[in-house]
Structures are given as structure tokens and as C-alpha cells.
Amino acid sequence: MKQINPMPHYSRTICWFRRDLRLHDHAALYHALKNSEAVHCVFVFDTDILDALPDKQDRRVEFIWHSLNELQARLQQLGGTLRVLHGKAQVLIPQLARELDVQAVFCNRDYEPEARLRDRTVKQALGDIAFHPYKDQVIFEESEILTGAGKPYSVFTPYKNAWLKKLDSFYLRAYPTERYFSSFARGAATVLPTLASLGFIPGKLDSAYPVGESGAEKLFDDFIGRISQYHETRNFPSVQGVSCLSAHLRFGTISIRSVASDAHHTEGTGAQTWLAELIWREFYQMLLFHHPHLAQGLTFKPQFNLIEFSDDQEKFAAWCEARTGYPLIDAAMRQLNQTGYMHNRLRMVAASFLVKDLHIDWRWGERYFAGHLLDFDLAANNGGWQWAASTGCDAQPWFRIFNPVTQSEKFDADGKFIRRYLPELALCPDKWIHAPWLMPAAEQKRCGVMIGRDYPSPVVDHATARIRTLAMYQAASS
DNA sequence: TTTTGAGTTGTTCGA
DNA sequence: GTCGAACAACTCAAA
């Protein structure tokens, strides 16, 4: 039996915020406040992360900045302050800990390979200063849900069943940080560094997008009102069917316990379907933890490492720039490029198209999504792409290939979503909206949409591409 | 140890 | 237009 040392009471500590930008139901903050006289709140704009971003206009940095702004304002109302630093976190945190002469640093665990490395370095550099990481961003960590043989799952359904079986109110209880709000260290108000001083240019994030803890709450309240229809509406991108909470779950502006708890206690297929999506989130995190090589570009199924993809830059550019000639694909890519978000159904369709119609390496698509998604999460993005490429664990059979026209007819029947992002097709009749290249010349002239002039001709023929994909995968799997 | 049932999201073809 | 079968075979997880 492992001996558990009781937590000492500290005079001064740091609560280091990372992807948990909220004040309520926050594991590390709760333990820090409860066990300290004075808690200093800190966030670091980590240059190890920021310097790797390809674009100096980045919605994620803006989202974080706005959320910190709110966090700081709320903290100041409570008599505390938020220090926001800019530099190498693994250097700055130990430095600040010495400067403030704290006895401990509290934070919530981050399970990504790079983050784990960083935290090990910080712990070591802290020396005698205690380092207390907590479970906060998942209900169950990587080794809390195991098979009967004590091994990690690699199939979703049995994992989900085991997850649900283990779930009880103990794992969903909130950490009542507000009980100890008097323990924030007093200090002069600090000034948030501007985005410009961080080397970023603001303006890309939609100003109407709700950010911060308040934004998350607003979105969740709205979603709870329609969660009972989630299972029916979630596949239709023109309908407000999904929760839109992905970015908030990514940055921790909302607690996973609070949303999972509400979903768990709500009757009906809608809420249960949504809860399953939250379980997917943990499944992929668990998978990446146990198979860190997935982040190095290796496939879960080794035989598919051998597939030779095309390196057609022109076709890849057409996909990225939303000019494939397939309206649903192009509308999806414009949604991503313009808003930093893409509807889940469309992520599958667009990913399948890149891999199985254009025969381009799924890693290229993974990287593109990684650069553009506001809700980008390494584990989920990699899992999703490998699923779409049929190289992942528990993958769909490789001969399942999405037909971009059929998907369009099914999930955007009236072309409402397509027209929202492709105004050049606004006058294209419903009959042709999913495959406008089939429109007779006279009809093109009549509605003023000339294929090849106003909207591109398709970059590939789906039927031909499909046959080639089948051959590629057949060759790799035999 | 062996056996058994099952595996997120699909498409096409032919009757 | 609708329906069922075929598309492959394998590995996981539990009994």
C-alpha cells in the first residue's frame, strides 16, 4: 500500500495555469487555495510553444489572451492578481518560484508528450520546492480504465462501457474553489502583455465568439437547451446541433466534470450521445499517452506506414484553399479558414477526401488542421485523421470511402451550408448544388454560374480516385 | 486456453 | 426508389 503523505500547509504557493483558464471547479487551484496562506496565480505565454506557430495571426493565442483578460479581471475583484509572463515556461516557473519564495507549485496535468517533458524539467528545476500536479482535464486518466487483463484499451466501445461502468458521483464532484477565495495572494494589479508585445497580430478571432469562463458558460447554457436533440442534429452543419464547446474544453475555460455531470444526469439519447463524444476525447488522450509514437507520424496499424501517398502540391493547395470543385469540401475548408472551426461531420468528409480522393498523406492534412483549428488538440486531431485514413486503432475498414456528393446530399440536402460559405454558388439550383459540374451549359448560363470560371471544375473524378484508393490499401494490407 | 461476438460516423451493386 | 449483401479479414476483449 502506497503511503500518502498529508499535504502540509504552505505560507506561499504558485498556481500555474496552463490549459485550465478558469476559477471554478479547478483541481489545482482548489488544492493550492485550501493548503496555502497566499496563492500566486501565474500564466506563461510559453515561447517553446508560440515560436513553433507558423502564423503570427493565431486565433488560439487570441482566445487565450481574451480568456486571461477575463480571468485577471475576476481575480482582481477577488483581491488576487494574475501574473502573465512571456518566455520559456520551464525556466520562468522555477525562477518565479524562487523569487516569490514559495514552498510549492500547483498545476493540472497535461498529458501531451511535450508537456510531460516540460513538467518533468520544471519539477527537477524546482528542487526542494514541491510540485503538485493534479488530474483535472479528464474524468479518467490513461491508466484508470483498463481491460480485464490490466492493459489499455485499443477499441472504443469496450473502453466506453468500462468508462461508464466506473463513472459515479465521486469522479464528477466539483472542486469548490470559491470556498477558499480568501487565500489569493494580494498584490498590485498587473498588466497583461499585449498581443503585439507577444509577437502576434490580433483580429483573426471572431469578436462575437464567446471566450473565457463566462463565454463557456453561455455556450453550455445554450447547448443544454437543445442537448436532447443532439443525436439527431449533430450531423447537419447548417443546423446549430453541436455544443461548440470544443475550444473551451481545450483551454479549460469550462470544467469537464461539470459538463460530464450534467450530461450524465440528463435522460435521453441526446445527452448520452454527447457524453460518448466526451469519452472519445479521453479515449484519444489515453491512446496517445500509451502510444506516444502516434505523435511522430507513425500509424497505429503498422502495415499502413507503407502506403505511398501522392506529393501533389497543386492538389493539396486546392484542398487547403477550398477550390477542389466539390462544394461541400470547399465550403468545409472555407469554414475552417475563415473561422478556425469545422463541423465534425465535415472534418470526416474533408479528411476522407484528402486521403482517399486526392491520395495525399493524412499527415499533411493533420498538420493543416493543427495550424488552423481553434480547438486543436493533438490527441483528438491525430486520432481523427488516422480514423479517416483507416490507419488508426479500431479503424473503419479501409474500403469505406466517403462519397463527397452523397455526403453532401445527405447532410446538407438543401445546400444551405454550402451557400453560406460559397456565395458564388448562391444562384446554383438545388438540383446541381452538390455536383455543379454536371449542370448543363445552358443551365450554367441561365443561373450565372459557369463551371471553370465562377467555380472550379472538380480536381479529381471520385469514382476513378476511389478505385485507386482501394488498390493502394489492398496492396498495403496484403 | 479457447471460443465467441463484435467493431462510430459508408458506398456500391444488383435484384 | 428500396433493400440486402458485399466489400476482408483480423484483432480485441471478455466469457
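## Around DNA strand C

In this predicted model, DNA strand C is surrounded by residues that include a run of neighbours from Thr147, Gly148 and Lys151 to Tyr153, Ser154 and Val155. Pro158, Ala162, Pro397 and Phe399 also belong to these surroundings. Sorted by class, the surface near the strand has six nonpolar residues, three polar ones and one charged residue.

## How chain A is divided

Let's step back to the domains. The assignment for chain A gives domain 1 as 10-136, domain 2 as 138-173 + 214-290, and domain 3 as 302-477.

## Where domain 2 meets domain 3

The centres of domain 2 and domain 3, taken over C-alpha atoms, are 27 Å apart. Contact between the two involves 16 residues of domain 2 and 19 residues of domain 3.

On the domain 2 side, helix 10 (246-251) and helix 12 (269-290) each supply at least two of the touching residues. Helix 12 gives the most, with five residues. By class, this side of domain 2 divides into nine nonpolar, five polar and two charged residues.

## The nonpolar cores

Now for the interior. The largest nonpolar core holds 91 residues, and those with the most contacts inside it are Cys15, Trp16, Val105, Phe106, Ala332 and Ala350. Domain 1 and domain 3 both give residues to this core, so it lies between them.

Trp16 is worth a look in the viewer: leaving aside residues up to four places away in sequence, Trp16 touches Val42, Ile93, Val105, Phe106 and Cys107. A second core, separate from the largest, has 30 residues, including Phe223, Ile256, Val259 and Phe283.

Note on methods:
Residues are numbered from 1 along each chain as its sequence is written. Chains are lettered from A and ligands numbered from 1 in the order in which they are written. This is a predicted model: local features need pLDDT of at least 70, side-chain atom pairs count only at pLDDT 80 or more; totals for chains, interfaces and linings use all residues. A residue is near a molecule or strand if its C-beta atom, placed from the backbone, lies within 6 Å of it. Ala, Val, Leu, Ile, Met, Phe, Trp, Tyr, Cys and Pro count as nonpolar, Asp, Glu, Lys and Arg as charged, and the others, Gly among them, as polar. A nonpolar core is a set of buried Ala, Val, Leu, Ile, Met, Phe, Trp, Tyr and Cys residues joined through C-beta atoms within 7 Å. A residue is buried if 20 or more other C-beta atoms lie within 10 Å of its own, exposed if 12 or fewer, and partly exposed in between; C-beta atoms are placed from the backbone. Domain bounds come from an automatic or database domain assignment. Two residues are in contact if their C-beta atoms, placed from the backbone, lie within 7 Å. Helices (H or I, at least four residues) and strands (E, at least two) are DSSP runs, numbered from the N terminus.
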